[in-house]
Amino acid sequence: MQSGYVNRWIGKDLKFIWHPYTQMKDCRKTPLILIEKAKGAKLYDDQGNFYYDTISSWWCNIHGHNHPKIKKAIKKQLDSFEHVLFAGFTHKPAILLAEKLVSIAPKNLTKVFFSDNGSTSVEVALKMSFQYWQNTGKTKKTRFISLHHGYHGDTIGAMSVSGVNIFNEIFSPMFFSSFKVPSPYCYRCPMGKNRPACKIDCIKPLEKLLEKIAEACAAIIIEPLVLAAGGMIIYPKEYLSKVADLAKRYNVHLIVDEVATGFGRTGKMFACDHVDIRPDFMCLSKGITSGYLAFAATLTTHKIYEAFYDDFEKKKTFYHGHTFTGNPVASSCALASLRIFEEEDTLNRIKDLILFFHEGLEKFRGLPLVGDVRHLGMIGALELVKNKYTKETFGFKERVGFKIYKEGLKRNLVLRPLGNIIYLFLPLCVKKKELEYILENTYRLIKSAKF
Ligand SMILES: Cc1ncc(COP(=O)(O)O)c(C=O)c1O
């Protein structure tokens, strides 16, 4: 294992760079890892070590690093032009990509608005929903509903509709106020019930809230099936169906944030595809370019688009945009990634792998530290607890996840935790042998961990 302080690059990094979600003081004891190359599911550092990218580089890598088809598409587009403003001008890569996205999204989503990261795709959905109601004369519909454990990004608007936790509570005075409802967190059921006898009673607080405030409500925003940053909470499909039904019944938009779950991660192209729902907005980013370039899209319906379509002086235009909106290189990259899904039959190919993965994860249930095991598609999570029977959690200061992360690196694993949740968010390219190694070593590590 490298020592960061003999490495002049790490010294330079620490001198000049401030890393995201990082207490920079930790980097003195846990040196940053200098990555020099990557291939498939593996990252290689400058000291000759490799690491399995078990969390897909913050959930974005899909087909693996250094994929020849994606690189080729990027290079080809660079030979034509790298970027052009996306107002007054357009280009084939964006047109083809929009057409492709519409063809794979839920049928009612027929319009694509591009941006450049997950948070902005959410901001776009919030602003479009808000303005839709203004443009159509329902001016009181201005508020949003979200889940306690939801996470939708780090910009102010996205934070305002996210759960308040240890990371963002400092900023909470800056948020606009929104309504929060309890999460369908089965392991720690907010209603004190158990599955499947519960009949999804955790939907009741949302129903009650809508009865009271639907007139003032623009939209409900939700991550479909997996509350990712909130702790990889995988919740019942019935809950999502019921949310969609309620949104329709109370005339409130449904925004599904598929930034983390989109593009095959849950075993289907979108998490929404597990359930027959018709959202009004779908937010996409991360895996859209297979994690190669920053890019995002917000999909919406023709009905919503039409409410903005009018003479210029009527002030119904959607005045929102980002410099790199619809970037042609990223669009070409996204198209290449979607072609790979077809050419390599990715979603069928991973079916057996997913079964193997889930079977492997179920074995963790026997470990004293593991309170809950959750999985969906290529996502798996282990909730570590102090006491399995009382479900008592480890405290923030105990840094259990961080200790596991450091041990993981010694075993070639990037087990970057979410508090006490250790999770695998695997690239779809991972091979069975690699997965075997990842599961076995994660198991051994957690079995031998002492806190
Ligand atoms: C569900 C979800 N929405 C939005 C975001 C924000 O995306 P970005 O970090 O690209 O702004 C994330 C990031 O993790 C996410 O998981």
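These are my notebook entries on the cavity, a pocket and the aromatic contacts of this structure.

**Entry 1: the model.** I am working with a predicted model.

**Entry 2: the cavity.** I looked for enclosed space first. I found 1 cavity of 30 Å³ or more. Its volume is about 40 Å³. I then listed the lining: Ile145, Ser146, Leu147, Val181, Leu206, Ile220, Ile221, Ile222, Tyr239 and Val243. Which elements give two or more residues to this lining? They are β5 (143-147), β7 (217-222) and α9 (237-249). I sorted the lining residues by character and got 9 nonpolar, 1 polar and no charged.

**Entry 3: the second largest pocket.** Next I turned to open space. The second largest pocket holds about 580 Å³. I noted 30 lining residues, with Cys186, Arg195, Ile234, Tyr235 and Pro236 nearest the centre. β9 (233-234) and β13 (370-376) each supply at least two residues of the lining. Of the elements, β13 gives the most, with 5 residues. By character, the lining of this pocket splits into 17 nonpolar, 3 polar and 10 charged.

Where does this pocket lie with respect to domain 1 and domain 2? I checked which domains contribute to the lining. Domain 1 (33-63 + 350-448) and domain 2 (70-343) both give residues, so the pocket lies between them.

**Entry 4: aromatic pairs.** I searched the whole structure and got 20 aromatic pairs. I looked up Phe113 and Phe318 among them. Their rings are 5.3 Å apart, centre to centre, with 80 degrees between the planes, an edge-to-face pair. Phe113 belongs to strand β4 (residues 109-115), while Phe318 sits in the loop between α10 (302-306) and α11 (328-343), so this pair ties together parts 205 residues apart in sequence. Phe113 and Phe318 are both buried.

I then took Phe263 and Phe270. Their ring centres are 5.4 Å apart and their planes stand at 70 degrees; planes over 60 degrees apart count as edge-to-face, so this pair is edge-to-face. I find Phe263 and Phe270 both buried.

**Entry 5: a ring cluster and two lysines.** Which residues do ring pairs link into a cluster? I noted Tyr44, Phe50, Tyr52 and Tyr437. Phe50 came up again when I looked for charges over rings. Lys42 lies over the face of Phe50, 4.8 Å from the ring centre. I also logged Lys432, which lies over the face of Phe356 at 4.8 Å from the ring centre.

Technical notes
Residues numbered from 1 in each chain as written. Predicted model: local features only at pLDDT ≥ 70, side-chain atom pairs only at ≥ 80, totals over all residues. Heavy atoms only, no water. 1 Å grid on protein atoms, 1.4 Å probe; cavity = no way out; pocket = protein on both sides within 12 Å on 5 of 7 lines; lining within 4 Å. Points joined across faces, edges and corners; volume = space filled by probe spheres on them. Helix = DSSP H or I, 4+ residues; strand = E, 2+ residues; numbered from the N terminus. Nonpolar A, V, L, I, M, F, W, Y, C, P; charged D, E, K, R; others polar. Domains from an automatic or database assignment. Phe/Tyr/Trp six-rings, centres within 6.5 Å; stacked < 30°, edge-to-face > 60°. Buried < 20%, exposed > 50% of the residue type's maximum accessible area, 1.4 Å probe, protein only. Lys NZ or Arg CZ within 6 Å of the ring centre and 35° of its normal.
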